[in-house]
Amino acid sequence: MQIVEVPLQERYSIAIGMNCLSEIGQAVKPLCASTQVVIVSSPPIFRRFGGSIQRSLKRVGLHAAMMVVPDGERAKSLRWASALYDRLIRGKYERGATLVALGGGVIGDLTGFVASTYLRGVPYIQLPTTLVAQVDASIGGKTAVNHPRGKNLIGTFYQPALVFSDVAVLRSLPKRQLVGGLAEVVKYGVIADAGLFAYLEEHCGELLDARSGPLEQIVFQSARIKADVVVKDEREAGLRRVLNYGHTLGHAIEATTGFRRFHHGEAVAIGMQFAAQLSAGLGLCDDALVSRQRKLLERIGLPAVLPARLDQQRLLAAMALDKKVKGGQWHFVLPERLGRVRVEPVEAARVRQILAAFARERAAHT
């Protein structure tokens, strides 16, 4: 297995391998203060992987109970957090208990939020089963639930004890989930590693075919980039904000469509293309970067234009609630060149102007 260390005050590792889920018990056992383990998952993920993980934990003497929540973003709510608290309290789970998040970013965020607040904090472990979770959501300790008016508005910073990624599980993903996860990898290429961006351009077909070697390569490289940023800025006081490239408009798209119409990666892809166009409009990058990013997103199968029937005023209102708004100005992550971005305050009038132009591009592009 490849290991990426995250040397924070509470140091942990990101373990990345192929066909390694059967080893999860041995990896988890040294981290558990008691035999109490709770696996949080969604029905389809539990059906596919839950039994084998429970057996692996049982072989090393850990007693793993299952708590299943609905599939999708609707589980990432205070309602379902409360349901997990109820189960933990009824089961008399103590501070030595360990929670295990088995699933994608929604499960990881919800489980981490509950772990950070139950009994003022119990350990949790990430077992990410989607590409977006393996390259991004499971790493860095951001936990959250959604509010009806915005995504991730209620949350904590709380690092996992371990991230354990079996890249082989990605081969079972629906194509749309795999494609959506690649949006986050494109993000890393733009913000930190032009070589990774070029690798995506060269190996796009193999990645879409879920070839093991290229998948393992992009998971490792993405984890390395994310860990490096998190170590330098754990609580998003400065540098870590670059990880939000594309997320300001992306989160607004998700919120205004009720977290149902778009997968996270699809919304982020649209947000990245808008951010690149905003950057070009401000004179911070050239049109070649905007075009190159658009072509890669489209080759992957991701949207790169603002879809029809999205109300611009509602999008702007949702962006105004974003956590990156400071002093009445929106702070956008804007590319200067591939591998380098900056966080820049942008006046609302300028954002409205370029968003309108971005919406008009849809007709021209199609």
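Leaving aside neighbours within four places in sequence, which residues is Leu338 in contact with? Keep that in mind as you start clicking; the model on your screen is a predicted one.

**Stop one: Leu338**

Select Leu338, which sits in the loop between strand 11 (329-337) and strand 12 (340-346). Now show what is around Leu338: the contacts are Gly189, Val190, Ala194, Phe197, Leu289 and Arg292. With a relative accessible area of 18%, Leu338 is buried, because the cut-off for that label is under 20%. For a long-range pair, add Ile191 to your selection: Leu338 and Ile191 are 147 residues apart in sequence, yet their C-alpha atoms are 6.8 Å apart in space.

**Stop two: helices 6 and 7**

Next, colour helix 6 (residues 175-191) and helix 7 (residues 194-208). Their axes are 8 Å apart and the packing angle is about 165°. Angles over 145 degrees count as roughly antiparallel, so that is how helix 6 and helix 7 lie relative to each other. Turn the view and look for the left-handed crossing where helix 6 passes helix 7. To see the contact itself, show side chains. On helix 6, pick Lys175, Leu178, Val179, Leu182, Val185, Val186, Tyr188, Gly189 and Val190. On helix 7, pick Ala194, Leu196, Phe197, Leu200, Leu207 and Leu208. If you colour this contact by class, you get 13 nonpolar residues, one polar and one charged. You may recognise a few names here: Gly189, Val190, Ala194 and Phe197 are among the contacts of Leu338 as well.

**Stop three: helices 3 and 4**

Hide those and bring up helix 3 (residues 78-90) with helix 4 (residues 105-117). Here the axes come within 10 Å and cross at roughly 55°. How are helix 3 and helix 4 oriented to each other? They are oblique, and their crossing is right-handed. Where they meet, helix 3 brings Leu78, Trp80, Ala81, Leu84, Tyr85 and Leu88, while helix 4 brings Leu110, Phe113, Val114 and Thr117. Sorted by class, this contact has nine nonpolar residues, one polar and no charged ones.

**Stop four: Lys151 and its surroundings**

Now jump to strand 8 (residues 150-157) and select Lys151. Is Lys151 buried or exposed? Its relative accessibility is 8%, so Lys151 counts as buried. Show Glu73 too, and you can draw a polar contact of 3.1 Å between the side chains of Lys151 and Glu73. Then try Ser77: it is 74 residues from Lys151 along the chain, with 10.0 Å between the two C-alpha atoms.

Stay in strand 8 and click on Asn152. Asn152 is buried too, at a relative accessible area of 17%. Check its backbone: phi is near 60°, a positive value in a residue other than glycine.

Both Lys151 and Asn152 lead you to His251, which touches Lys151, Asn152, His264 and Asp322 when residues up to four places away in sequence are not counted. You'll find His251 in helix 9 (residues 247-256). Its relative accessible area is 9%, so His251 is buried.

**Last stop: Asn19**

Finish in the loop between strand 2 (12-17) and helix 1 (24-28), where you can pick out Asn19. Asn19 has a positive phi of about 55° although it is not a glycine. Is Asn19 buried or exposed? With a relative accessible area of 51%, Asn19 is exposed, whereas Asn152 is buried.

How values were computed
Residues numbered from 1 in each chain as written. Predicted model: local features only at pLDDT ≥ 70, side-chain atom pairs only at ≥ 80, totals over all residues. Heavy atoms only, no water. Helix = DSSP H or I, 4+ residues; strand = E, 2+ residues; numbered from the N terminus. Buried < 20%, exposed > 50% of the residue type's maximum accessible area, 1.4 Å probe, protein only. Polar contact = N/O pair within 3.5 Å; in protein donor to acceptor, adjacent residues only side chain to side chain. Axes fitted to C-alpha atoms, helices over the stretch in contact; angles between N-to-C directions. Parallel < 35°, antiparallel > 145°, perpendicular 65-115°, else oblique. Left-handed = near helix turned anticlockwise from the far one by under 90°. Contact = heavy atoms within 4.5 Å. Nonpolar A, V, L, I, M, F, W, Y, C, P; charged D, E, K, R; others polar.
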